[in-house]
Amino acid sequence: MAKRNNEHISISDALKEFVETNKLEKGLNKVNVADAWANLMGNGVNNYTRAVNLENSTLYIQLSSSVLREELSYGKEKIIKMLNEELGKEIIKKLILR
C-alpha cells in the first residue's frame, strides 16, 4: 500500500498521481478516444460505426458502410488532427478505417 502524504494536494493532482502509479493511462486513452470520436463525428457517422479501437498510437475504426469509409479516407489527416485537439494531446498518429 502506498505511503500517505501529509501535505495537501488538489484532487486533480491526486487523480493524476493515482493514474500514473497504477498505469491506467492506456485504458483511459482508449475510453477518451471513443468518446472523442462520438462527439466529433456526430450521429450520422456514429450510426455506421461498429468499433473504435486504439492500439499503441493507431486508431482502428470499423464501419458498416463502404461508401462512408471511402469518404472518410479522404480526410484522414484532418480527422487525426481534430481528434488529437479534442483529447488535448497527441495520442493518435495513424488512422485505419475498416
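Student: How many of the six residues of strand β2 are buried?
Tutor: The model is a predicted one. In it, strand β2 spans residues 58-63, and buried means under 20% relative accessible area. Strand β2 is mostly covered, and its buried residues number five of six.

Student: How many bridges join β1 to β2, and in which direction do these strands run?
Tutor: Strand β1 covers residues 49-55. One of its pairings sets Thr-49 against Leu-63 in β2. The two strands are joined by six bridges, and their direction is antiparallel.

Student: Which residue in the turn of the β1 and β2 hairpin has a positive phi?
Tutor: The hairpin has two residues between its strands. The residue in question is not a glycine, yet its phi is positive, about 55°. The residue is Asn-56.

Student: Is Asn-56 buried or exposed?
Tutor: Asn-56 is placed in the loop between β1 and β2. The cut-off for exposed is over 50% relative accessible area. Because its relative accessibility is 75%, Asn-56 counts as exposed.

Student: Why does Ser-57 count as partly exposed?
Tutor: Ser-57 also lies in the loop between β1 and β2. Residues touched by Ser-57, leaving aside those up to four places away in sequence, are Ile-91, Ile-92, Lys-93 and Lys-94. The partly exposed class lies between the buried limit of 20% and the exposed limit of 50%. Ser-57 therefore falls in that class, with a relative accessibility of 24%.

Student: What distance separates the C-alpha atoms of Ser-57 and Leu-28?
Tutor: Along the chain, Ser-57 and Leu-28 are 29 residues apart. In space, their C-alpha atoms are separated by 14 Å.

Student: Which residue of β3 is the bridge partner of Leu-59?
Tutor: β2 is joined to strand β3, residues 94-97, by four bridges, and these strands run parallel. In β3, the covered face holds Leu-95 and Leu-97, while the uncovered face holds Lys-94 and Ile-96. The partner of Leu-59 belongs to the covered face. The partner is Leu-95.

Student: Which element gives the largest share of the largest nonpolar core?
Tutor: This core has 19 residues, and those with the most contacts inside it are Trp-37, Leu-59, Leu-72 and Ile-92. Two or more residues come from each of α2, β2, α3 (66-73), α4 and β3. The largest share is five residues, and the element that gives it is α2.

Student: Which residues does Trp-37 touch, not counting residues up to four places away in sequence?
Tutor: Trp-37 is among the core residues with the most contacts inside the core. Contact here requires heavy atoms within 4.5 Å. On that basis, Trp-37 touches Val-45, Asn-46, Thr-49, Val-52, Ile-61, Leu-72, Ile-79 and Leu-83.

Student: Is Asn-84 buried or exposed?
Tutor: Asn-84 is placed in helix α4. Its contacts, not counting residues up to four places away in sequence, are Lys-89, Glu-90, Ile-91 and Ile-92. Because its relative accessible area is 11%, Asn-84 is buried.

Student: How many Å separate the C-alpha atoms of Asn-84 and Gly-42?
Tutor: Asn-84 and Gly-42 are 42 residues apart along the chain. The separation of their C-alpha atoms is 17 Å.

Student: How far apart in space are Glu-77 and Lys-94, C-alpha to C-alpha?
Tutor: Glu-77 is also placed in helix α4. Because its relative accessibility is 63%, Glu-77 counts as exposed. Lys-94 belongs to the uncovered face of β3. The two residues are 17 residues apart in sequence, and C-alpha to C-alpha they are apart by 8.4 Å.

Student: Which element gives the most to the lining of the second largest pocket?
Tutor: The lining includes Val-19, Glu-25, Leu-28, Asn-29, Glu-86 and Lys-89. Helices α2 (25-46) and α4 (76-87) each supply at least two residues. The top contribution is five residues, and the element that makes it is α2.

Student: What is the volume of the second largest pocket?
Tutor: The residues of its lining divide into five nonpolar, two polar and three charged. The volume of this pocket is about 190 Å³.

Notes. Residues numbered from 1 in each chain as written. Predicted model: local features only at pLDDT ≥ 70, side-chain atom pairs only at ≥ 80, totals over all residues. Heavy atoms only, no water. 1 Å grid on protein atoms, 1.4 Å probe; cavity = no way out; pocket = protein on both sides within 12 Å on 5 of 7 lines; lining within 4 Å. Points joined across faces, edges and corners; volume = space filled by probe spheres on them. Nonpolar A, V, L, I, M, F, W, Y, C, P; charged D, E, K, R; others polar. Buried < 20%, exposed > 50% of the residue type's maximum accessible area, 1.4 Å probe, protein only. Pairing = 2+ DSSP bridges. Core = buried A, V, L, I, M, F, W, Y, C linked by side-chain atoms within 4.5 Å.
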